[in-house]
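Biologist: I'd like a close look at one part of this model, with enough of the surroundings to make sense of it. Could you take me through it?

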Amino acid sequence: WRCSTLVLSWVQAGGGEPMGRPVLRVARPDDAQSLVGIYAHYVEKTAISFEWELPSVEEFAARMRRTLETYPYLVVERSDRICGYAYAGAFVGRTAYAWSAETTIYLREDERGHGLGARLYQALENVLRAQGVLNLYACIGCTSVEDEYLTNASQRFHTRYGFREVGTFHDCGRKFGRWYDMMWMEKVIGSHAVDASRVIAFSELSSKALAAAGVGKTLGLGGT
C-alpha cells in the first residue's frame with residue numbers, strides 16, 4: 001500500500017468534460033466503496049500500484065480512518081460521483097520525520113484531461129502546509145521500458161509540479177511477471193527553521209484553515 005505511489009498517469013489524456021461542477025471535500029469512510037472502485041483499475045490492470053490484491057471495502061475504510069486521524073484524505077466529486085481521491089501518510093514513521101509526508105492520488109479513468117488531478121493535488125499540498133508539513137515525498141513506480149502496465153507519466157507530472165528525483169531502486173517490484181523500478185521524488189514546501197513548530201494533526205485543523213486550502217470549494221473547469 002505505502003509505495004503504491006502518486007498517480008497521475010492518465011490525467012493528461014483527452015476527452016470532453018462531463019456535466020457538473022466538481023467539488024473538493026474531505027473523504028469519509030463511507031466513501032470507501034467508491035474509492036475501491038477507482039483503485040481497482042490500478043491494482044488489477046497496472047503496475048502503478050504495487051499491490052497485487054484489491055483490498056476489501058472494509059479494509060479500505062479502516063485505512064481511511066487511520067489516515068484521517070493525522071493526515072488529509074480528500075475527494076473530488078462531480079454530480080454526486082467521486083472522480084478521484086488524494087491522501088497523505090507518514091514518511092517512514094519515526095518521530096523525527098513528522099515534518100515530512102508521503103502523498104498519493106488516484107483518478108477515475110474517465111476523468112482524465114479535465115484538470116481535476118492537479119487541483120486535487122494542489123489542495124492536498126495546501127492542507128499539508130497548513131498542518132506544518134515541510135517536505136512532500138512521492139513513491140513512484142517507474143520503468144526503463146514503458147509497457148502496457150506502466151509508463152513514466154507520473155514521474156513527468158511530478159517534475160512539472162516541482163518535485164525532483166532523489167533516488168531510484170532498481171527492479172525492486174515484481175508484478176504481472178515483470179520487474180519494475182521504484183523512484184522517490186521530493187518537493188520542499190516550507191522553511192526548515194531551527195525552532196520549527198509542531199505539526200498539527202489533520203483532525204485539529206479549523207474549518208477556516210480547510211477552506212483557505214480549497215477544501216469545500218467548487219472547482220473551475222479546464223487546466224491540467
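To set the scene, what share of the 224 residues of the protein counts as buried? And then the part I'm after: which residues of helix 1 are buried, and what do they pack against?

Modeller: Keep in mind that this is a predicted model, where local features need pLDDT of at least 70 and side-chain atom pairs count only at pLDDT 80 or more, while totals for chains, interfaces and linings use all residues. Residues are numbered from 1 along each chain as its sequence is written, and side-chain values use heavy atoms, with hydrogens and water left out.

Of the 224 residues, 50% count as buried; that means under 20% relative accessible area, with exposed being over 50% and partly exposed in between (1.4 Å probe, protein chains only). The protein has five helices and seven strands, taken as DSSP runs numbered from the N terminus (helices are H or I, at least four residues; strands are E, at least two).

Now for helix 1. Its 14 residues, 32–45, should span 20 Å at 1.5 Å a residue, and the end C-alpha atoms are indeed 20 Å apart; the expected span is 1.5 Å times one less than the number of residues. Even so, helix 1 bends by about 35° at Tyr39, the bend being the angle between axes fitted to the seven residues ending there and the seven starting there.

The buried residues of helix 1 are Ala32, Leu35, Val36, Ile38, Tyr39, Ala40, His41, Tyr42 and Val43. So Tyr39, where the helix bends, is on the buried list too. As a rule, an α-helix has 3.6 residues a turn, so residues three or four places apart point the same way.

As for partners, the buried residues of helix 1 pack against helix 2, strand 2, strand 3, strand 4 (100–107) and strand 6, where contact means heavy atoms within 4.5 Å. Those strands belong to an open, mixed sheet of seven, ordered 1-2-3-4-5-7-6; two strands pair if DSSP finds at least two bridges between them. Strand 1 (23–26) and strand 6 (164–175) are at the edges with a single partner strand each, so one side of each has no neighbour in the sheet.

Helix 2 (residues 57–68), another of those partners, lies across strand 1, strand 2 and strand 3 (81–90), at about 120° to strand 2. For that angle, axes are lines fitted to C-alpha atoms, for helices over the stretch in contact, and angles run from 0 to 180 degrees between N-to-C directions. Strand 2 (residues 73–78) runs antiparallel to strand 1, joined by four bridges, and Val76 in strand 2 stands opposite Leu24.
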